[in-house]
Amino acid sequence: MYYTSIAYDQMDGLEIPPYFICPISLQIMEDPVTVATGVSYDRASIERWLTVYGRDKCPVTNQTLVDRTLTPNSTLLRLIQSWAACAAQLPAAATARSNPRFDLSDVLRQLRDTDAELQRRGLKKVKLLAEDDGDFDSMACMEKAGVTSLVASLIVMRNTDLVQDALDVIDEATIVLQHLKPSPQAIKRLAESNNGELIRSLSSILQRGSYRARTHATLLLKSIFKVVDEGYKSNPPPDLFDGVVEILKDQNSARSTNLAALSILTEALALGKNRAKAVEAGLVAVIIELLIEENGDRRSCEAMLYILELACGRAEGRAAVVGHRAGVAAVVGKVLGVSGGATERAVRVLGLLCRYCRVAEEMAEVGGVAKLCMVVQVEGSRRSREIAKEILGMHLRTWSRSPCFPYSYSLPY
């Protein structure tokens, strides 16, 4: 390898990335290989460990190596080569000959440039590496080298009158950042810097970005809302809810994208002040339509009912459900229809509606009373039965006069 001739005194003052150091020799790896436990070592060191010393365990994890296959870590090798070339100030031509496809120093230079075309070239190289390899070591190395931070900085929109070239760079940077899969610590740091500038930009992309950028922005925001401090969730950008609603309305959205959008809403609506904003963005109507179309996906159904329950914690949310011609029926349809969790969430929503809204007659017409009776008798969890009993107690006199009342069920009163 060309970089083995670099004397260590030439690297004085430079911080050697820890991922480049062999855990056995504590030297920069010349031929990195990965063992079955996922740890990378220099080939000569790990071979000596296994054969000369007769060890059968991974030196780092102490796990027994049943499979002793040594897999070349080409990604790590390329990163070490690029870093070593920069450290020794080798001519650019030598670096290009060693690896014309990926030069970390060249990528960093292109990402820092103000020219949109150069930025796109840098993003393309990072994306190729992330898509082709996608292993933890390479992602961690790029994060350590500052690639992830630079990609995130390209997403931030400080000028509302951006030209198309700049918008294209923003879209591509959004896609690449998701491919890089930043660690929870990194995504938290990036999201909270400059008072949540990245969150604001991604929220805007949900509405005006390309289809692929909107998809990746949704996935990024899901990761962000899982880790950021409560202050960033309690006062999200005004267009966040509009954008998430648009994602859910898009019939072409993948299931993973919809689940990510629902996860964002779950995190944001847990804070009461956001519920009115979400309702104003048309969330309730979209959730009801999705519930009607949902055909048994337990995870998404439970998430939607939970979001509906949170929205119904406010008068605006309850009014939106009752005002939708299929609102009550959509919730009733999920009682005993999907899972125990979905049943409990649906009964909770019905409890809020029956307590504060005039829905007794509609509940009887759409079969809600019969469902509640079934929950009370045999089908529901303890909490579901308690809420169902409470609802029946509130409206028993009214429902007993209705021709839709299920007299075949004996009520526990």
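Start by selecting proline 59, which sits in the loop between α1 and β3 (71-72). Keep in mind as you click around that this is a predicted model. Is proline 59 buried, partly exposed or exposed? With a relative accessibility of 29%, proline 59 counts as partly exposed.

Now show what touches this proline. Setting aside neighbours within four places in sequence, proline 59 is in contact with Ile24, Tyr41, Ile46 and Trp49. Put a distance label on one of those partners: from C-alpha to C-alpha, proline 59 and tryptophan 49 are 8.6 Å apart, with their positions 10 residues apart in sequence.

**Stop two: the start of α1**

Stay in this part of the chain and select arginine 43 together with aspartate 31. The two form a salt bridge, and their closest N and O atoms are 2.8 Å apart. Arginine 43 belongs to helix α1 (residues 43-52) and aspartate 31 to the segment before β1 (32-34), so this pair ties together parts 12 residues apart in sequence. Turn on the surface and check both ends: arginine 43 is partly exposed at 24% relative accessible area, and aspartate 31 is partly exposed too, at 28%.

A bit of background here: side chains of opposite charge can pair when their charged atoms come close.

**Zoom out for a moment**

How many salt bridges does a search of the whole structure find? The count is 24. In cartoon view, you have 23 helices and three strands to look at. Colour by burial and you'll find that 50% of the 413 residues are buried. The accessible surface comes to about 19600 Å², and carbon and sulfur atoms hold 49% of that area. As for contacts with a separation of 6 or more, 67% are between residues 24 or more positions apart.

**Stop three: helix α8 against α10**

Select helix α8 (residues 164-180) and helix α10 (residues 197-208). Their axes are 11 Å apart and the helices pack at an angle of about 105°, so α8 and α10 are roughly perpendicular to each other. Show side chains where they touch: Leu167, Ile170, Asp171 and Thr174 on the α8 side meet Leu202, Ile205 and Arg208 on the α10 side. Sorted by class, this contact has four nonpolar, one polar and two charged residues.

**Stop four: helix α9, inside and out**

Next, select lysine 188 and glutamate 192. Both lie in helix α9 (residues 184-192), four residues apart, or about one turn of the helix. They form a salt bridge in which the closest N and O atoms are 3.1 Å apart. Lysine 188 is partly exposed at 25% relative accessibility, whereas glutamate 192 is buried at 17%.

Keep lysine 188 highlighted and add helix α11 (residues 211-227). α9 and α11 pack at an angle of about 90°, with 9 Å between their axes, which makes α9 roughly perpendicular to α11. Which residues meet here? From α9 come Pro184, Ile187, Lys188 and Ala191; from α11 come Leu220, Ser223, Ile224 and Val227. By class, the contact has six nonpolar, one polar and one charged residues.

**Stop five: leucine 269**

Move along to helix α14 (residues 255-269) and select leucine 269. Buried or exposed? Leucine 269 counts as buried, at 0% relative accessibility. Leaving out neighbours within four places in sequence, its contacts are Phe241, Arg275, Ala278, Leu283, Ile307 and Leu310. Try a C-alpha distance to isoleucine 307: the two residues are 38 apart along the chain, yet 7.3 Å separates these atoms.

**Last stop: α17, α20 and a charged network**

Isoleucine 307 gave you a foothold, so to speak; now pick glutamate 309 and arginine 345. Their side chains meet in a salt bridge at 3.0 Å, N to O. Arginine 345 is in helix α20 (residues 340-356) and glutamate 309 in helix α17 (residues 298-311), so the pair ties together parts 36 residues apart in sequence. Arginine 345 is partly exposed, with a relative accessible area of 28%, while glutamate 309 is buried at 14%. To finish, select Glu117, Arg120, Arg121 and Asp165: salt bridges with shared partners join these residues into one network.

Notes
Residues numbered from 1 in each chain as written. Predicted model: local features only at pLDDT ≥ 70, side-chain atom pairs only at ≥ 80, totals over all residues. Heavy atoms only, no water. Helix = DSSP H or I, 4+ residues; strand = E, 2+ residues; numbered from the N terminus. Buried < 20%, exposed > 50% of the residue type's maximum accessible area, 1.4 Å probe, protein only. Contact = heavy atoms within 4.5 Å. Areas by Shrake-Rupley, 256 points an atom, 1.4 Å probe, with all protein chains shown as cover. Salt bridge = Lys/Arg side-chain N within 4 Å of Asp/Glu carboxyl O. Axes fitted to C-alpha atoms, helices over the stretch in contact; angles between N-to-C directions. Parallel < 35°, antiparallel > 145°, perpendicular 65-115°, else oblique. Nonpolar A, V, L, I, M, F, W, Y, C, P; charged D, E, K, R; others polar.
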